[in-house]
Amino acid sequence: MEEKTVQRIPKLFVFDLDDTVWGPELDFYMNKPVGFLKDIEEILLELYKGEKFKGAKLAVASSSGFPARGKKKMKDMKIRDDLALEDVFSFVEIYRKEKDRHFAALKSKSGIDFSDMIFYDNQMNNHETVKKLGVTCVFCPDGLDKRLFSKSLENFPSKEGKIIT
Ligand SMILES: [Mg+2]
């Protein structure tokens with residue numbers, strides 16, 4: 001058996017927004033202050049700039065009833081002084097639908113196969129839907145830290161639809 005020495009890197013990194021990238025959830029009526037969760041700024045910056053991830057793209061899959069509000073928040077929130085959250089994403093899908101719909105759109109727009117995608121989301125029901133497509137799913141119930149991010153890369157692609165936790 002040939003030893004596997006080269007780690008396979010996902011071609012598309014897909015993120016949920018509410019309670020994965022930022023929190024608390026955007027609320028159209030309350031307008032509560034929202035901030036980045038855990039290590040997400042550092043992780044997104046590494047994906048966007050890091051040599052290891054050259055060629056990989058980033059995307060958003062958010063099932064929100066307020067897409068304009070989400071897009072404005074992505075413009076306003078800065079990862080660095082000169083870099084807004086929206087700048088790092090090549091594809092943005094925000095609408096109130098089951099997330100397999102977002103992924104079908106991402107596949108058609110990016111030309112990237114589901115097997116080359118990895119998905120970070122705080123809700124298990126979304127993973128149950130998306131894993132059936134063959135996407136590697138990572139459950140991050142209250143945001144993504146560097147430890148879980150590393151683990152997700154080590155376990156990519158996941159075997160037999162196993163959700164990485
Ligand atoms: Mg969420």
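Helix α1 (residues 40–49) has Ile40, Ile43 and Leu44 buried (20 or more other C-beta atoms within 10 Å of the residue's own, with 12 or fewer counting as exposed, in between as partly exposed, and C-beta atoms placed from the backbone). Down the axis of α1, the buried residues fall within an arc of 95°, so they line one face of the helix; the arc is that of the directions from the helix axis to the C-beta atoms. This is a predicted model, in which local features need pLDDT of at least 70, side-chain atom pairs count only at pLDDT 80 or more, and totals for chains, interfaces and linings use all residues. Residues are numbered from 1 along each chain as its sequence is written.

**Cover of α1**
- The cover over the buried residues of α1 includes β3 (35–36), β5 (78–80) and α5 (146–154).
- Helices (H or I, at least four residues) and strands (E, at least two) are DSSP runs, numbered from the N terminus.

**Strand β1**
- Leu12 and Val14 point one way from β1, Phe13 and Phe15 point the other way, and all are buried.
- β1 runs parallel to β4, joined by 4 bridges (pairing needs at least two DSSP bridges), and Leu12 has Lys57 as its bridge partner in β4.
- β1 also runs parallel to β8, with 4 bridges, and Phe13 stands opposite Ile118 there.

**Nonpolar core**
- The largest nonpolar core has 34 residues (buried Ala, Val, Leu, Ile, Met, Phe, Trp, Tyr and Cys joined through C-beta atoms within 7 Å).
- Elements giving two or more residues to this core include β1 (12–15), α1 and β8 (117–121).
- Val14 and Phe119 are among the residues with the most contacts inside the core.
- Phe119 touches Val14, Val130, Val135, Thr136, Cys137 and Val138, not counting residues up to four places away in sequence (contact means C-beta atoms, placed from the backbone, within 7 Å).

Technical notes
Two residues are in contact if their C-beta atoms, placed from the backbone, lie within 7 Å.
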